[in-house]
Amino acid sequence: MTAGETSTLRGRPDVLDGPFTTPQLLRLDEALRLADKSTRLTFSVYLGDLDEPTRESAEKLHSQLPNPANSVLIAVSPNQRILEIVTGALARRRIPDRSAKLAALSMAAAFSGGDLAGGIVAGLAQLAEYAGKG
Amino acid sequence: MSLSITQTVLVYAGIPALVVLTVYGMVYGSTARRVSKRYRPGRPFNFAPVWFLAGTGETGSGGSTAPALGAGERAALPGPLLAQAPDAPAIDHGETGGASDRW
């Protein structure tokens with residue numbers, strides 16, 4: 001059902017041709033699983049160009065997740081140098097916009113230093129911490 | 001022991017030059033061949049869009065690897081059919097929040 005699943009049949013997952021090295025992918029996977037497990041929210045990370053207007057585009061991506069109300073989407077567009085964090089209606093009660101902004105600030109700081117994976121992992125940990133135990 | 005001029009040049013210039021070239025080759029030979037994947041702000045980022053979800057049982061792949069959804073495979077997520085059309089309006093699931101930033 002996912003790209004990871006289908007491509008492993010062909011041997012080499014497509015994601016390895018992406019911007020991240022294998023250790024970075026493992027760290028990202030660990031961060032996502034920990035965030036999901038500790039908060040019972042669904043965190044997801046989108047990395048790629050967003051259509052203009054970017055906010056609406058990110059919200060549209062968020063609405064395609066299985067359970068949007070309980071989901072948090074981190075959309076990063078390195079070309080446009082834009083970061084959007086979208087929280088669903090229920091997730092928003094756990095992660096107030098002000099906390100999301102704080103996480104966005106620290107992520108953007110890491111991105112401006114060229115550290116995409118580190119920024120995403122740190123942002124995930126920060127958002128999960130704000131959301132608290134689920 | 002006396003060295004001729006050619007021998008002196010070979011020993012005192014040739015050998016150090018050889019060492020320098022060897023080290024240079026070892027350092028840059030491997031990195032020059034493959035393009036650095038590292039993102040640098042302001043440089044174009046030419047990778048296909050990816051979408052990461054935690055590896056739970058629901059999203060397949062047994063939770064051991066980071067499953068990524070290619071942008072073309074967004075439809076793999078169980079969602080309303082309308083949402084899969086590129087020009088579909090955002091479906092209202094209640095008010096979303098969050099934050100934006102640029103760098």
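Begin by selecting A:Ser44 and B:Leu53, since A:Ser44 has B:Leu53 as its bridge partner in S1(B). Helices (H or I, at least four residues) and strands (E, at least two) are DSSP runs, numbered from the N terminus. This is a predicted model, in which local features need pLDDT of at least 70 and side-chain atom pairs count only at pLDDT 80 or more, while totals for chains, interfaces and linings use all residues. Residues are numbered from 1 along each chain as its sequence is written, and chains are lettered from A and ligands numbered from 1 in the order in which they are written.

Stay with this pair of strands and widen the selection to S1(A) and S1(B), which pair in the antiparallel sense over 4 bridges; two strands are said to pair if DSSP finds at least two bridges between them.

Next, show the side chains of S1(A). A residue is called buried if 20 or more other C-beta atoms lie within 10 Å of its own, exposed if 12 or fewer, and partly exposed in between, with C-beta atoms placed from the backbone. Because 6 of the 6 residues of S1(A) are buried, this strand is largely enclosed by the rest of the structure. A:Thr42, A:Ser44 and A:Tyr46 point one way, A:Phe43, A:Val45 and A:Leu47 point the other way, and all are buried. In a regular strand the side chains alternate between the two faces of the sheet.

Now add S2(A), which pairs with S1(A) in the parallel sense over 6 bridges, and find A:Phe43 standing opposite A:Val72. With H3(A) included, S1(A), H3(A) and S2(A) make a right-handed β-α-β unit (with the strands pointing away from the viewer, the path from the first strand over the helix to the second runs clockwise). The buried residues of H3(A) are A:Ala58, A:Glu59, A:Leu61, A:His62 and A:Ser63, and they pack against S1, S2 and S3 of chain A.

Move on to S3(A), which pairs with S2(A) in the antiparallel sense over 6 bridges, where A:Val72 has A:Thr87 as its bridge partner. In the hairpin of these two strands, which has 4 residues between them, select A:Arg81, which takes a positive phi near 55 degrees. S3(A) is largely enclosed by the rest of the structure because 6 of its 6 residues are buried.

From A:Thr87, cross to chain B, where its bridge partner in S3(B) is B:Gly97. S3(A) and strand S3 of chain B (residues 97–102) run antiparallel and are joined by 6 bridges.

Pause on chain B as a whole, which has 1 helix and 3 strands, in the order α-β-β-β from the N terminus on. Of its 103 residues, 17% count as buried.

Finally, select the largest nonpolar core, a term for a set of buried Ala, Val, Leu, Ile, Met, Phe, Trp, Tyr and Cys residues joined through C-beta atoms within 7 Å. Of its 48 residues, A:Leu28, A:Val72, A:Leu73, A:Ala75, A:Ile120 and A:Leu124 touch the most other members. Among the elements that each supply at least two residues of this core are helix H2 (22–39) of chain A and strand S1 (50–53) of chain B, and the largest share, 8 residues, comes from H6(A). End at A:Leu124, which, leaving aside its neighbours within four places in sequence, is in contact (C-beta atoms, placed from the backbone, within 7 Å) with A:Ala31, A:Leu32, A:Ala35 and A:Phe43.

Technical notes
Contact = placed C-beta atoms within 7 Å.
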